[in-house]
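Biologist: I would like to learn how to read a structure like this one. Could you walk me through it?

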Amino acid sequence: MFGKHKTEVLVAGGGPVGLYTAIALRERNVDVDVYDQDPRLAARSYALALHPQSLRLLDEVGLAQRLTALGRRVDRIAFYDGLRKRAEISFGEIGGPFSYLLVLPQSTFETLLQERLERSRQRVHWSHRVQQLETDEQRIGVMVHKLDHVSLGYPVSIAESTITKSSLVDTQYVIGADGYESRVRNILDIDYQNHGDAGTFFVTEFESDRVIEPELRIVLEGPWANVCWPISEHRVRWSFQIDPREMDKADAGQLVRYIEDRAPWFHPRPREIHWTTLVRFERRLASTFGKGRIWLAGDAAHLTGPVGVQSVNIGLREGHDLASRIANALHNGDEESLNAYDEERRLEWQSLLGITGDIQGRNGVDPWIEQHRYRILPCLPGSGSDLDVMLRQLGLERTAESA
Ligand SMILES: Cc1cc2nc3c(=O)[nH]c(=O)nc-3n(C[C@H](O)[C@H](O)[C@H](O)COP(=O)(O)OP(=O)(O)OC[C@H]3O[C@@H](n4cnc5c(N)ncnc54)[C@H](O)[C@@H]3O)c2cc1C
């Protein structure tokens, strides 16, 4: 019934989460194939920071030092209310060898992941779309379409794809790391519920006329969240949350106005603007992370705002977790631990999205911090116990009870 090509795990999606998951599976002697519908890796910065927890996971596969050499190490976060600094967080409090945030473009991160996967004698099948899944008691047949991408436009690039071949891959497990429009999630008919308003961000990267301090700056000004990423000594990314009704007014010409209005203490000015874009970030959570032999990780299962870079970093943890549990199921027949994946991951995201649990101010907490505590949580670049260490430095703590 199923295809001639066999593998133990098929990963749909060769973004950062899919690539890292495949590496973690290879480390555990699991056969894995990665299929991605795009012809190549992402070419832009996108999510541009790795949490301390991600660096610890990447160290397990020998990548943390190399990545650190290519990125910029950031040791602290400063919170501003627009006009002035209100609080600071030091990553040093987390402890261990990777107690810092690493700022580097997603494209650089993905390139290193792909090279590392190739060193495990595995490559990504680019231009292959996962189209359909058929399951029986033991196996999953995955229908994969090989695509030919045809460029239709010049000088404006427009691409269209045609199917040149279809094949059925025979696998025991499928991981849907196929991003926010996940085909795997849709085939399983899993709800992807909204949890709160989407945020629209005007994002720009520029070369600055002054040195940019290695500090992550988060500005909560009025209803808007804004963040300044120090990419290198002179390169910086600002993401300004804007009113979606003003999207047509947000362009490079407005950049200095945004800085003056929202961060008047920020004196560097753009010498050269590399790019600008508008991105809409939703807050969503899948009703389940999968079941049986088909599972989700990364943006396929959750979305949140960009400031804390939580979706992709926690996605790496999910990939690591799935790799351990699937290896355990394949090598020791332990299916039970795999079934717990869904509940544990959902609980974590329900807390991060403010669906369950609460955040309390501790004795002596700054009233501004306490007032903004629900907005601060998704802005923190951390998860698990690291996140609690960060909250404690602000005089906050998570509790299990609902708000
Ligand atoms: C302009 C921009 C700026 C961003 N800035 C930030 C930021 O500042 N902070 C932040 O946290 N996040 C940011 N993000 C989001 C961030 O890039 C994502 O959270 C991250 O890429 C998620 O990783 P992932 O591996 O889960 O999914 P993705 O990176 O989306 O990878 C999914 C992969 O699956 C492939 N795929 C999809 N469907 C199929 C299929 N049917 N078959 C095979 N392959 C398939 C896709 O081609 C893709 O390569 C930004 C995104 C954009 C576009």
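Biologist: Let's begin with the ligand. Why does the ligand lie between domain 1 and domain 2?

Modeller: Look at who supplies the residues around it. In this predicted model, domain 1 (5-48 + 106-194 + 284-350) and domain 2 (199-281) both give residues to the shell around the ligand, so the ligand lies between them.

Biologist: Which residues come nearest to the ligand?

Modeller: There are 26 residues around the ligand, and the nearest are Val17, Asp36, Gln106, Val130 and Asp299. You can also sort the shell by residue class: 12 are nonpolar, seven polar and seven charged.

Biologist: Which helices and strands should I look at to find that shell?

Modeller: Try helix 1 (16-27), strand 9 (128-135) and strand 17 (270-281), since each supplies at least two residues of the shell. Strand 9 gives the most, with three residues.

Biologist: Now for polar contacts. What cut-off do I use for a pair of N or O atoms?

Modeller: Here a pair of N or O atoms counts when the two lie within 3.5 Å. Take Gln106: a polar atom of its side chain is 2.9 Å from a ligand oxygen atom. The backbone can take part too. A backbone N or O atom of Val130 lies 2.9 Å from a nitrogen atom of the ligand, and one of Pro16 lies 3.4 Å from a ligand oxygen atom.

Biologist: How much of the ligand's accessible area does the protein cover?

Modeller: On its own the ligand has 990 Å² of accessible area, and the protein covers 85% of that.

Biologist: Let's move on to sheets. In what order do the seven strands of the open sheet run?

Modeller: Read across the sheet, neighbour by neighbour: the order is 6-5-14-15-16-13-17, with mixed pairing. At the edges are strand 6 (85-90) and strand 17, each pairing on one side only. From one strand to the next, the twist averages 15°. Strand 17 is one to remember, as it also supplies at least two residues of the ligand's shell.

Biologist: And where do the side chains point along a strand?

Modeller: As a general idea, side chains in a regular strand alternate between the two faces of the sheet.

Biologist: How do strand 5 and strand 6 pair?

Modeller: Strand 5 (residues 76-80) and strand 6 are antiparallel, with five bridges. For one bridge, find Arg76 and its partner Ser90 in strand 6. The two strands form a hairpin with four residues between them, and Gly82 in the turn has a positive phi of about 110°.

Biologist: Which strands pair over eight bridges?

Modeller: That is strand 13 (residues 199-208) with strand 16 (residues 235-242), again in the antiparallel sense. Thr200 has Ile242 of strand 16 as its bridge partner.

Biologist: What is the strand order in the sheet of three strands?

Modeller: That open sheet runs 12-18-21 with antiparallel pairing. Strand 12 (192-194) and strand 21 (302-303) are its edges. Strand 12 meets strand 18 (residues 284-286) over three bridges, and Asn194 stands opposite Arg284 in strand 18.

Methods. Residues numbered from 1 in each chain as written. Predicted model: local features only at pLDDT ≥ 70, side-chain atom pairs only at ≥ 80, totals over all residues. Heavy atoms only, no water. Near = heavy atom within 4 Å. Polar contact = N/O pair within 3.5 Å; in protein donor to acceptor, adjacent residues only side chain to side chain. Areas by Shrake-Rupley, 256 points an atom, 1.4 Å probe, with all protein chains shown as cover. Nonpolar A, V, L, I, M, F, W, Y, C, P; charged D, E, K, R; others polar. Domains from an automatic or database assignment. Pairing = 2+ DSSP bridges. Axes fitted to C-alpha atoms, helices over the stretch in contact; angles between N-to-C directions.
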